[in-house]
Each structure stands twice: as C-alpha cells, then as structure tokens.
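Trainee: Could you take me through one helix up close, and then show me how it sits in the rest of the fold?

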Amino acid sequence: MANSNPEIKYTQIFINNEFVNAVSGKTFPTINPSTGKKIADIAEGDKADVDLAVKAAKAAFDRKSTWRQMDATARAKLLYKLAELMERDLHYLASLESLDNGKPYMNAVYEVYGSVYSLRYSAGWADKISGETVPSDGPHLTYTRKEPVGVVGQIIPWNYPMLMLSWKWGPALAMGCTIVMKPAEQTPLTALYLCSLAKEAGFPPGVINMVPGYGPTAGNAITVHPDIRKIAFTGSVEVGKIIMAGAAGTLKKVSLELGGKSPLVICDDVDVDEAAKIAYAGVFENMGQCCVAATRTFVQEGIYDAFVKKATELAQSRKVGCPFSQDTQHGPQVDETQFKKILGYIEIGKKEGAKLETGGGQVGTEGYFIQPTVFSNVTDEMTIAKEEIFGPVQSIIKFKTLDEVIERANSTQFGLAAGIVTKNIDNALVFSNAVEAGTVWVNTYLAGAAQAPFGGYKQSGIGREMGREGMELYLETKTVSIKLPSKV
Ligand code: ADP
C-alpha cells in the first residue's frame, strides 16, 4: 500500500543495463514538492554520459545484435513482461511517484495502470506492422519494408513521468528501436526504477538507456547527437522549438507533444451541475499540470452566473493536502519555479481585471501547495486567457453564440485539445469539426485511450503518439524492387 517513505533504490545513470555514476561525478538533488526538502542526489548526466549511452544504444541496434535478430513476437513478450513487473510493483512505483512528483497517491496508482495499459497496447503492435507489395511499372517485384528508425532520443516532462515514459518506450521498443531517454530533472526516480524492471524483464543491454540531467546539457546533447535518428519530446512549446532547431543540424525526425490553452465550451442547454463537474475535472486534474487542461472555460451567457457559482463551490470543496493522505484530491505543484510562476499569473489575472471567485494563494507554509483558483469575468485579451499557466487556475469566459465561440476558441497559437458540453448533436458535430485541436471531447473531458492518436495542431506539436500513427513515428519505409524475367 501507500508508503510515504519508499526506499530509494536507484539514483545513477542507466547504460548497457548497468547503473553508473556521471562521468563528471556530479549529482543534482531531486526535491519532495510537499516539503521542499531533498529526497536524494541523482547522477547528473551531460554530454559525456549521453555519448556513452548512444554508443551502447548504437551497439544494441547493430545488424547482428540480439535485439535486431530477435523476432517481433519476442520483443512483444519483453514488453508484456515489463508491464507485468510494473503491476507487481504497483504500490512501490505509485509511492515513489507521489513522493517525487507530489501527485495524490491514488492518482499515481492510476498512472501506473495507464502506463501498463499503454505498454501492452504497444506490445500488441510489435508483430502487426507490415509493408506491402506495390504494383510498380515494368517487370519488377516491388515491395516495402517497415524498419525501425534506429537509436531514438526521448525527452520527457515531469507531470506524468511514468505515462510519458511508456508512451515513448512502448512504440519505440515494439518497432525495434533502441533508446536514450532523459527524464525530467524534477522527477527522475520512477524512470530509473523502471530501467531496473526493464533489465529484470530481459531487455538486452543497450536497448534502453536513461540519462538523468538538465535540459540545456543532457537534453541538448541528445538533441544534437549525430547517431540519434529521431527525437520524441513532450514538454513546453518554448523547449519544443529549441529541440526542433537543435535537431535540424543532423536532420533528425522530430515528434513534439507540446502545450495548450484548451477551450471547453459549455452550452446553455445542459445541466449546470454536471457541466461544472466536467469543467472542474478538466482544469484541476493533476493540480492543473496537464497539457490538455481546459483552461479556457467558455460558458454561454444564459447559464453563466449559475455556472460560476457551482464552479466556485467545487473548487472550494477540493481537498488539498499531503499526497499520501487518503482523502487528498490535490497535492503540491511540482517545484518552486512552477509554484512561483502560477502565483505570478494569478496576480496578473487580478491586475488585469478578472474577478477572483476563490483561491489565489498558497496553502500552508511548507511545500508548493496552491489553492484551487477560479476567475470569472475573464476576457480573451487577458494574459490568463492566453498563456499556459500549468496550474490550478480556472478562467471562466462568457460567450453568446456557437459561431462566435468557435472563432474565439481557435484564436490561439495552440491546438492540443478542446471540449464541448451540449445536448444538441448538431452543435457538438459542428464544433468538433471546426475546432483546431488534435483531440476533441464531447460531454466529457480527459477521456484517454492508448488506441487513439494524441497530439496537437498548430504550435501544440508535430506528429501523433499512440494509436497506429504512434508506431509509424518509429519506422522508416524501404522500397525494394527486384527484376523479374517477364511481367507475367
Ligand atoms: P516543463 O515546462 O513542463 O517543465 P520543459 O519543456 O521545460 O517542460 O521540460 C520538459 C523536458 O525537456 C525536461 O526533461 C527538460 O529537462 C527538457 N529540456 C529543457 N530544456 C531543454 C533543452 N534546451 N534541450 C533539450 N531538452 C530540454
């Protein structure tokens, strides 16, 4: 069960199935966001460590290596085994994540389940991707092969550390790539433990390598390394742009899952209480640290006041506290930087004239807890309606007609997700077709499936993870033509 003091077993860099110190010998602290105190010192990877990790991953991808010679069904079996080991260690993994990330324990448990589910989904694809025979001109047999891209660099964020890891490990491994990953500096612990499980599952040395460290150092070394063929990144728009530019030097393939400022439209034909609950979950889940968070809540004028009242009550009822307490729904923000940034946005909201209905401040004096916050009378031009806050802040904005709200919903550089709550099927369909977003939810929010592609329009990203498209990210297509003696 939940253990607020789990043993920290792994703190070093993982290369070639071994845990090793950084070449420089340096370490960095990982902090408990509930207290602001250090949990452990982690080996701080940099270019020299990335070079070693890439060397290992490259050797593991050699034509004659165990990994390349392995049947696709055997690769799938390793992934299934890893998923099984994660279930075995469910409570340990969830405890470790609650400690390092601050998310409530039960949310961490769901994250383990979600990660296991997505690994199993990817495993199923391992032996189901095939090329095709092509009716080419001339006396030729022409066919395509789907081949793994090679060594891939994967850089992940801290908000869903295990889920983001499995969304990247699963497809890459199922398709036969080898990996050099960097976890977020805020949350390295579960990633390192999962490496030990991968070793236990039987993945050959060098197939999975993990280099904890900072973005501009270890992250950049991965981005520019000439032997890495593809980068998969989840994180901020700002860093996504840096990565795309850095990857250009070696023309790596790039997939980016970036931020958002997702609109959720509440029409006046719905039950206000039900709609407010959908919006509440959409914005406060994971302390608002969710790339798809419904941070622009558009409410039709007829129900606006009633909605604001209900939204305020829901935010006030949210139980903020220690991630390990059973009744906690809301833990701390991940670190001091995020904490300060969010409080800064709340001050800007107040200054620019939004009405603070509830929240707005710190909870307690220790750690990075922020009150669930609701602003009403928010207008499209306000900073809190335009920029990604990544915290527990709901902005409730009034609208009159569907046509108008579609224009306003699309009037942003982001396009990750969107939602509509309505009883009118025509409105639901028109909105779903017209909104510029990679994911649209109708009468729900945050419903996720490993089978469904996920990613963003516009500056919210490039490419789709999971689903069949998520597998394609890790594949090259090769066309082979063979001369035949005659056409028939
Ligand atoms: P967030 O805003 O969610 O913290 P970031 O985009 O800052 O997201 O970080 C996501 C991941 O990107 C982290 O693993 C971080 O270390 C890494 N990162 C940050 N800066 C860079 C960079 N310049 N190059 C490569 N990776 C980076």
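Mentor: Let's start with helix α11, residues 304–317, bearing in mind that this is a predicted model. With 14 residues at 1.5 Å a residue, α11 should span 20 Å, and its end C-alpha atoms are indeed 20 Å apart, so the length agrees.

Now look at which parts of α11 are hidden. Y304, F307, V308, K310, A311, T312, L314 and A315 are buried. The cover over those buried positions comes from several elements, including the helix α10 (272–284) and the strands β12 (263–266), β13 (296–300), β14 (355–358), β15 (373–378) and β16 (393–399).

K310 deserves a stop, since this lysine is on that buried list. Its relative accessibility is 18%, and the cut-off for buried is under 20%, so K310 counts as buried. Setting aside neighbours within four places in sequence, K310 is in contact with V272, D273 and A276. Those three numbers fall in the range of α10 (272–284), one of the elements covering the buried residues of α11.

For another helix to hold next to this one, try α5, residues 105–125. Its 21 residues should span 30 Å at 1.5 Å a residue, and the end C-alpha atoms are 31 Å apart, which agrees. Of those 21 residues, 15 are buried, so α5 is largely enclosed by the rest of the structure.

A loop position gives you another kind of environment. G235 lies in the loop between β10 (230–234) and α9 (237–248). At 22% relative accessible area, G235 is partly exposed. Not counting residues up to four places away in sequence, G235 touches P157, E257, L258 and G259. If you want a long ruler across the model, G235 and D71 are 33 Å apart in space, C-alpha to C-alpha, with their positions 164 residues apart in sequence.

Zooming out, the protein has 16 helices and 20 strands. Its radius of gyration is 23 Å, close to the 23 Å the globule rule gives for 488 residues, so the protein is as compact as a globular protein of that length. The C-alpha trace spans about 75 × 60 × 40 Å along its principal axes. Buried residues make up 58% of the 488. Among contacts between residues at least 6 apart in sequence, 74% join residues at least 24 apart.

As for the surface, the protein exposes about 19600 Å², with carbon and sulfur atoms supplying 52% of it. On the charge side, there are 50 positive and 53 negative side chains, and the centres of the two sets lie 6 Å apart.

Conventions:
Residues are numbered from 1 along each chain as its sequence is written. This is a predicted model: local features need pLDDT of at least 70, side-chain atom pairs count only at pLDDT 80 or more; totals for chains, interfaces and linings use all residues. Side-chain values use heavy atoms; hydrogens and water are left out. Helices (H or I, at least four residues) and strands (E, at least two) are DSSP runs, numbered from the N terminus. The radius of gyration is taken over C-alpha atoms; the globule rule is 2.2 Å times the number of residues to the power 0.38. Buried means under 20% relative accessible area, exposed over 50%, partly exposed in between (1.4 Å probe, protein chains only). Contact means heavy atoms within 4.5 Å. Accessible areas come from the Shrake-Rupley method with a 1.4 Å probe; for residues, only the protein chains shown count as cover. Lys and Arg count as positive and Asp and Glu as negative; His and the chain ends are not counted. The place of a charge is taken as NZ of Lys, CZ of Arg, CG of Asp or CD of Glu. The expected span of a helix is 1.5 Å times one less than its number of residues.
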